[in-house]
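Biologist: Could you take me through one part of this protein up close, and then show me what is packed around the rest? I'm new to this, so please keep it friendly.

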Amino acid sequence: MEGVEIQPPLEVDPAVLENLEEDDYLSSGYDTSTASLTSSINTYAYENGRRYHTYFGVDKNLHPNDELEQDRLDLHHEVFLLLQGRKLHEAPVVEPQRVLDVGTGTGIWAIDMADKHPSAEIIGMDLSPIQPKWVPPNCKFEVDDAELEWTYQSDSFDFVHIRNLTQAISDWPKLLNQAYNRTKPGGYIELAEIELVARCDDRTMDDNDGLKLFVEALCLGMEKLGRPKYVTANTLKSNLEGAGFVGVKSSTFKQPSGPWAKDPTLKRVGALAYAAAENGYHAYGLAVFTRILGMTPEEANKLCDAAVQSVRNKNTHSYVNFHVVYGRKPE
């Protein structure tokens with residue numbers, strides 16, 4: 001499809017290819033320890049040692065919202081910044097006056113945006129009030145469900161930003177229609193999503209790989225729940241065009257699952273993804289596997305642990321695609 005960027009294969013660091021009889025990164029001289037990488041609305045459900053949102057429905061967001069997850073979200077924000085060359089967005093937004101961050105999570109993107117644009121009003125919307133209290137004066141957070149009717153005025157935002165919400169949204173056309181209505185003519189929307197498909201360019205990941213089986217089970221759960229099992233750049237591009245946005249452009253970035261890449265930036269990306277792996281795969285999978293697929297906690301943990309072990313194996317060079325797609329509302 002026009003506007004979709006094709007990425008070349010990732011090159012593996014030669015040091016990782018040494019000592020193939022060893023599967024840990026330490027054998028290739030890389031330290032992957034975490035230390036080296038450095039009211040009713042507050043009613044939550046606790047399952048399998050994690051805390052989950054309940055205010056807008058127990059299955060509204062299947063990711064936990066506890067401190068472990070907040071740390072992971074902030075770590076993943078740094079991954080996105082590295083992949084995007086320290087840019088907060090790909091859309092050509094210049095001196096915005098009003099910005100909406102849908103599904104703001106910890107609010108880290110909104111806070112960074114407020115710091116970058118001190119004269120703009122930045123609003124972060126999320127299901128849970130987990131954002132910090134001390135924020136820039138031009139940034140505020142609101143607790144709301146993005147799938148309910150938005151209360152913002154029409155044509156009121158210069159930029160609407162939506163990142164990593166694929167698994168949390170059941171009705172994307174409704175969500176994007178609301179975003180279109182609230183975007184000013186000439187304003188932009190941007191969708192940034194991980195494609196939940198485990199990929200490999202050098203055939204070092206087999207069909208029984210733990211990460212591959214994990215994402216396949218996760219996609220099955222999303223499908224049973226009536227949500228997108230995964231999205232591609234073409235999917236996101238078509239969704240924006242279907243909502244009425246024009247000039248839609250996309251970029252795709254490869255996110256290595258471990259520090260195996262030769263490129264220094266991608267090695268750092270992989271190291272951060274590796275550091276987040278243990279909490280990350282359990283965060284994505286536990287609720288889906290137990291609530292939706294009917295697994296026992298033991299079965300769910302075993303599947304999550306297998307994904308963690310996969311990315312810890314330096315001889316398996318897996319990655320996922322990160323798609324960023326933006327479009328403009330006609331004037």
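**A close look at S128 and beyond**

Modeller: Let's start with S128, which sits in the loop between β4 (121–126) and β5. Keep in mind as we go that this is a predicted model. Is S128 buried or exposed? With a relative accessible area of just 4%, S128 is under the 20% cut-off, so it counts as buried. And which residues does S128 touch, once we skip its neighbours within four places in sequence? They are H53, N65 and V143.

Now hop to another loop, the one between β5 (139–143) and β6 (157–163), where you'll find D155. Look at the backbone here: D155 has a positive phi, about 55°, even though this residue is not a glycine. D155 has a relative accessible area of 38%, so we call it partly exposed. R203 also has a positive phi without being a glycine, this time of about 60°. You can find R203 in the loop between β7 (183–200) and α5 (210–225). Its relative accessible area is 81%, so R203 is exposed.

Let's go inside next. The largest nonpolar core has 48 residues, and the ones that touch the most other members are F214, W260, Y281, F289 and F322. Which elements give two or more residues to this core? They are α2 (67–83), β7, α5, α7 (264–292), α8 (297–312) and β9 (318–328). The top giver is α7, with 13 residues.

Pick out W260 from that list and see what surrounds it. Leaving out residues up to four places away in sequence, W260 touches L10, E11, V12, D13, V16 and Y25, and also K267, T316, H317, S318 and Y319. Apart from the largest core there is another one, made of 26 residues, and I123, V231, L240 and V325 are among them.

Since α7 gives the most to the largest core, let's see how it packs against α8. The axes of α7 and α8 are 9 Å apart, and the angle between the two helices is about 150°. Angles over 145 degrees count as roughly antiparallel, so that is the word for α7 and α8. The crossing of α7 past α8 is right-handed. On the α7 side, the residues that meet α8 are Y274, A277, E278, Y281, H282, G285, L286, F289 and T290. Their partners in α8 are P297, A300, N301, L303, C304, D305, A307, V308, V311 and R312. Sorted by class, the contact of α7 with α8 has 12 nonpolar, 4 polar and 3 charged residues. You've met Y281 and F289 already, in the list of core residues that touch the most other members.

One more helix pair to go: α4 (residues 172–182) and α6 (residues 233–243). Their axes come within 9 Å and cross at roughly 55°. That angle makes α4 oblique to α6. Here, too, the handedness can be named: α4 passes α6 in a right-handed crossing. From α4, the contact is made by L176, N177 and Y180, and from α6 by N239, L240 and A243. By class, the residues of this contact are 4 nonpolar and 2 polar, with no charged ones. Spot L240 in that contact, and you've also found one of the residues of the 26-residue core.

Conventions. Residues numbered from 1 in each chain as written. Predicted model: local features only at pLDDT ≥ 70, side-chain atom pairs only at ≥ 80, totals over all residues. Heavy atoms only, no water. Helix = DSSP H or I, 4+ residues; strand = E, 2+ residues; numbered from the N terminus. Buried < 20%, exposed > 50% of the residue type's maximum accessible area, 1.4 Å probe, protein only. Contact = heavy atoms within 4.5 Å. Core = buried A, V, L, I, M, F, W, Y, C linked by side-chain atoms within 4.5 Å. Axes fitted to C-alpha atoms, helices over the stretch in contact; angles between N-to-C directions. Parallel < 35°, antiparallel > 145°, perpendicular 65-115°, else oblique. Left-handed = near helix turned anticlockwise from the far one by under 90°. Nonpolar A, V, L, I, M, F, W, Y, C, P; charged D, E, K, R; others polar.
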